[in-house]
Amino acid sequence: MLYSAYSQKISSPARSRKEPVSYLNIMVVGQTGTGKTAFVRTLCESLKHTIIQGTLKESKPMVLKDALRPTDDLYTVSMHVEENGERTSLTVVDTPGFDQSIDIEQQLRFVCTYIDHQYERTLIEETKLRRDAKAVDTHIHACLYFLDTTSKTDLSDVDRYMLRVLSSRVNIIPVVGKADTLTAVQRETIRKAYRWNFFDTFHIPVYGYIEIEKEDDLEQEQQQQEQASEGEEEEDDQDSQKEEGEEDHQEKKQQVITNHSGSEVMDTIMSMLKEYVEEDNDEDARAMYEYLEHFPLTLVGYEEDPETGRPVAIMRDSLKPQKQADKEEDHQQQPSSPHTQSRKKGRSNKTVLGRRYPWAVVECCNPEHCDFERLKSMILSVHRDMFRIDTFERFYEKYRTKQLMNRRFEGSPTINKGKLTNHPSATHTKVRA
Ligand SMILES: Nc1nc2c(ncn2[C@@H]2O[C@H](COP(=O)(O)OP(=O)(O)OP(=O)(O)O)[C@@H](O)[C@H]2O)c(=O)[nH]1
Ligand SMILES: [Mg+2]
């Protein structure tokens with residue numbers, strides 16, 4: 001009830017506006033140098049034709065126009081985007097990368113405080129007698145977590161810790177940045193290893209994860225309870241059982257990684273989703289299934305001019321001699337048609353966002369090269385409403401309950417408004433109609 005009232009309000013902040021607008025706020029987080037800012041710039045650049053004129057706003061001047069440098073302070077970029085006839089007020093929050101030489105707890109606290117602060121704004125709004133008609137939804141609906149891929153096999157301890165804490169507050173989408181630096185085999189290996197880590201070993205509740213109680217687990221639990229009631233086991237027996245358990249786990253990991261998607265739990269989730277799709281034609285289940293098929297998504301940021309930070313001009317097929325590229329196209333077209341001639345002309349001038357290597361061009365928006373386009377469509381259409389609903393119904397509710405319980409126990413209902421306005425999110429750009 002509360003949500004529908006709220007969502008209606010946040011979806012149509014101005015009655016005069018003909019098009020309803022959905023607010024979507026995403027945050028990029030991860031260790032330093034993993035490609036977060038390059039992703040934000042690539043996203044803005046790739047959306048430039050769909051941004052409604054005059055709506056692009058940055059919380060820090062020149063933040064997108066300067067040379068690419070390590071991010072030392074949180075900033076936001078907001079814009080109204082229209083895709084497939086749907087309008088989204090998109091805000092991207094870029095954060096300083098985690099640096100392991102500085103207190104990790106403190107860096108994590110900074111990000112968590114920012115996320116919580118957005119929930120606090122809603123809580124304050126809800127408790128007002130007269131609510132602000134122009135209040136907008138500033139919740140962080142999805143957090144792209146840029147994984148540290150240096151080990152190329154397992155989640156790093158820092159990532160694991162950060163992910164565990166963040167996934168209790170926000171929808172986490174783990175991503176692999178700089179995917180052009182991985183060979184096809186490395187990508188597949190890393191993908192499977194991460195799936196196993198996230199879903200089977202550490203059970204990190206990222207977006208798409210569903211907790212499944214397996215029959216084996218239930219049986220095991222039952223057996224354990226029976227054993228406990230029968231009296232204490234011999235210590236030696238327990239140790240050997242534990243060792244056997246670990247061996248089984250390793251053996252299973254090897255089997256699953258070599259033969260399947262990399263994760264037994266993910267396979268189970270996906271077959272559940274498949275049933276929903278086949279039996280009920282459930283679109284949300286289909287979207288989630290397709291997302292999990294590519295989990296974790298791979299990204300490539302554009303190659304920037306070191307001085308201006310602008311994308312370097314890369315022509316499609318620039319590495320192929322023009323005659324060869326034309327020949328390939330002629331195979332698919334009527335050789336002498338005027339259409340072919342004009343396409344050739346148009347195509348040979350076409351620049352792409354990407355990175356150029358002596359042997360190939362990697363295109364950011366080519367689905368065969370990485371999942372950038374897939375992620376973009378997740379954010380702007382396919383998963384947009386799921387992110388928003390999930391955030392409100394799950395994460396905000398959790399925050400709200402916790403705060404209200406705390407305040408009741410402390411006997412202090414005060415909400416420090418002065419403190420809130422000093423928070424970095426005071427810089428959060430509000431794009432109003
Ligand atoms: N090869 C390759 N390099 C990339 C990619 N994205 C970014 N880089 C490079 O990696 C370096 C760091 O990129 P940033 O986007 O600044 O990384 P960041 O995660 O924002 O770093 P912090 O702001 O320190 O947290 C820069 O030199 C980029 O040119 C990519 O997709 N592929
Ligand atoms: Mg950065």
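Reader: What share of the 433 residues in the protein is buried, and what makes a residue count as buried?

Author: In this predicted model, buried residues make up 31% of the 433 residues. A residue is called buried if 20 or more other C-beta atoms lie within 10 Å of its own.

Reader: Why is Met 62 called exposed or buried?

Author: Met 62 has 8 C-beta neighbours inside 10 Å, and since a residue with 12 or fewer counts as exposed, Met 62 is therefore exposed. Met 62 lies in the loop between strand 2 and strand 3 (75–83), and its phi is near 70 degrees, a positive value in a residue other than glycine.

Reader: What makes a positive phi worth pointing out?

Author: Most residues other than glycine have a negative phi. His 203 is another residue with a positive phi, of about 50 degrees, although it is not a glycine.

Reader: How do you know whether His 203 is buried, exposed or partly exposed?

Author: Around His 203 there are 14 other C-beta atoms within 10 Å, and because the exposed class ends at 12 and the buried class begins at 20, His 203 is partly exposed. His 203 is placed in the loop between helix 5 and helix 6 (215–230).

Reader: Why does Thr 308 count as exposed?

Author: Thr 308 has 12 C-beta neighbours inside 10 Å, and because 12 or fewer is the condition for exposed, Thr 308 belongs to that class. Thr 308 sits in the loop between strand 7 and strand 8 (314–315), and its C-alpha atom is separated by 5.4 Å from that of Asp 66, although the two residues are 242 residues apart along the chain.

Reader: Why are helix 5 and helix 8 called roughly perpendicular?

Author: Helix 5 (residues 184–201) and helix 8 (residues 264–280) pack at an angle of about 75 degrees, with their axes 7 Å apart. Angles of 65 to 115 degrees count as roughly perpendicular, and the two helices are therefore given that name. Their contact is made by Arg 195, Phe 199 and Asp 200 of helix 5 together with Glu 264, Val 265 and Met 266 of helix 8, and by class it has three nonpolar, no polar and three charged residues.

Reader: What makes strand 2 and strand 7 the edge strands of the sheet?

Author: Seven strands form an open sheet in the order 2-3-4-1-5-6-7, with mixed pairing. Strand 2 (57–58) and strand 7 (297–298) each pair on one side only, and they are the edge strands.

Reader: How do you know that strand 1 and strand 4 pair?

Author: At least two bridges are needed for two strands to pair, and eight bridges join strand 1 (residues 21–30) to strand 4 (residues 86–94), so the condition is met, and these strands run parallel. Within this pair, Ser 22 stands opposite Thr 88 in strand 4. Helix 4 (residues 157–166) packs on the sheet, touching strand 1, strand 5 (142–146) and strand 6 (172–176), and its direction makes about 175 degrees with that of strand 5.

Reader: Which residues come nearest to ligand 1, and which helix gives the most to the shell around it?

Author: Of the 20 residues around ligand 1, Gly 35, Pro 70, Thr 71, Gly 97 and Gly 301 come nearest. Helix 2 (residues 36–46) gives the most to this shell, with three residues, and by class the shell has five nonpolar, 10 polar and five charged residues.

Conventions:
Residues are numbered from 1 along each chain as its sequence is written. Chains are lettered from A and ligands numbered from 1 in the order in which they are written. This is a predicted model: local features need pLDDT of at least 70, side-chain atom pairs count only at pLDDT 80 or more; totals for chains, interfaces and linings use all residues. Axes are lines fitted to C-alpha atoms, for helices over the stretch in contact, and angles run from 0 to 180 degrees between N-to-C directions. Helices (H or I, at least four residues) and strands (E, at least two) are DSSP runs, numbered from the N terminus. Angles under 35 degrees count as roughly parallel, over 145 as roughly antiparallel, 65 to 115 as roughly perpendicular and the rest as oblique. Two residues are in contact if their C-beta atoms, placed from the backbone, lie within 7 Å. Ala, Val, Leu, Ile, Met, Phe, Trp, Tyr, Cys and Pro count as nonpolar, Asp, Glu, Lys and Arg as charged, and the others, Gly among them, as polar. A residue is near a molecule or strand if its C-beta atom, placed from the backbone, lies within 6 Å of it.
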